[in-house]
Amino acid sequence: MIARTLEPPYLIEVPIYLLLKKTVAQLVLIILLFSWTQVDAQSTYLDSLKQVWPSQHGEQQIKTLCDLCWELGFQNPQEAAEFGRKAVTKATELGDSALVAQAANDLSAVIFRLGDYRTALALNRRALAIRRSSGDPRAIGSSLSKIGLVLYEQTLLDSAAHYQLAALRMFEEAGDSNAIGQTYSNLSNVFEKFGSFDVAIDYSMKSYDLFQKVHYPYGEAGACGNLANLHDKTGDYSASIEWSQKALALFTAIDSKIDIANMHNNLGYYWRKQGNL
């Protein structure tokens, strides 16, 4: 089964402002060139999964349905949800609690994207109950974090912070550095929404320091982007520019083209606010 990452991976805010037509065209071209290289391989992989799942049985069939739910969730959430529901139903019929939890987890991510937060919350709580009985801190933390994300979207910030802090304790117990760093970022988002920018910056700095320590450049770059955004909220545009330049260098080193485009976009925005355009 494909490894499931935390939802969502670093969402670097792109400030909205009037761009020159030439800049827009350049950004669109970069994004299209990046996307075209991914489409054929992904389409072939998904087609193969769609062809094989009806002839499979038991655990293998459920895992294939889960993979279809997860992968299609980024392209076609409605279709993904249908595969996810099949996975939950078949895992329940099989009586395999671990598979039920995985299927509910994957379906919840798709339902979350579709904006049905109530159902996403119910699915995550079902997965959490099962995972708590298994005692796996990494899996428990994943469900706690996803519940926190749903509550964040519902602007239930006290509850969102509670679940993210609970997730953080589980990830610390599991020793999962990447998940810890992402949870720091989630907590930063919660406190930003509270308007507690100093606390939000502190959590983003923890994320940055951790990802730098474990040599995870994408996470490190994402934390830089978040710090740039937070300093923008406090009016410190020089700091925003400095953190954006760090993010740009890191994204350039790993050739993440969409993120490179976003950072150029952000830098233009911060320079404009500083009066340098």
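Ser188 sits in helix 8, which covers residues 177-194, in what is a predicted model. The residue is buried, since its relative accessible area is 1% and the limit for buried is under 20%. The side chain of Ser188 is 2.8 Å from the backbone oxygen of Ala200. Ala200 also appears among the residues that Ser188 contacts beyond its neighbours within four places in sequence; the others are Tyr203, Ser204 and Leu230.

From this buried serine we turn to the nonpolar core. In soluble globular proteins, nonpolar side chains tend to be buried together. The largest nonpolar core here has 73 residues, and the members touching the most other members are Leu68, Phe83, Leu144 and Trp243. Helix 4, residues 97-113, supplies the largest share of this core, with nine residues. Leu68 can serve as an example of the packing. With residues up to four places away in sequence left out, Leu68 touches Leu46, Leu49, Lys50, Trp53, Gly73, Ala80 and Phe83.

One of those contacts, Lys50, leads on to the charged pairs. Side chains of opposite charge can pair when their charged atoms come close. The model has nine salt bridges. In one of them, Lys50 pairs with Glu79, and the closest N and O atoms are 3.1 Å apart. Because Glu79 belongs to helix 3 (residues 77-94) and Lys50 to helix 1 (residues 21-52), this salt bridge ties together parts that are 29 residues apart in sequence. Glu79 has a relative accessible area of 25% and is therefore partly exposed. Lys50, at 29% relative accessibility, is partly exposed too. Lys50 thus takes part in a salt bridge with Glu79 and is also in contact with Leu68, one of the core residues that touch the most other members.

A salt bridge within a single helix joins Lys246 and Glu242, with an N to O distance of 3.9 Å. Both residues are in helix 11 (residues 237-253), and because they are four residues apart, about one helical turn separates them. Lys246 is partly exposed, with a relative accessible area of 32%, and Glu242 is partly exposed at 42%.

Another salt bridge links Lys257 with Asp255, where the closest N and O atoms lie 2.8 Å apart. Here again the two partners count as partly exposed: Lys257 has 31% relative accessibility and Asp255 has 44%.

Note on methods: Residues numbered from 1 in each chain as written. Predicted model: local features only at pLDDT ≥ 70, side-chain atom pairs only at ≥ 80, totals over all residues. Heavy atoms only, no water. Core = buried A, V, L, I, M, F, W, Y, C linked by side-chain atoms within 4.5 Å. Buried < 20%, exposed > 50% of the residue type's maximum accessible area, 1.4 Å probe, protein only. Helix = DSSP H or I, 4+ residues; strand = E, 2+ residues; numbered from the N terminus. Contact = heavy atoms within 4.5 Å. Polar contact = N/O pair within 3.5 Å; in protein donor to acceptor, adjacent residues only side chain to side chain. Salt bridge = Lys/Arg side-chain N within 4 Å of Asp/Glu carboxyl O.
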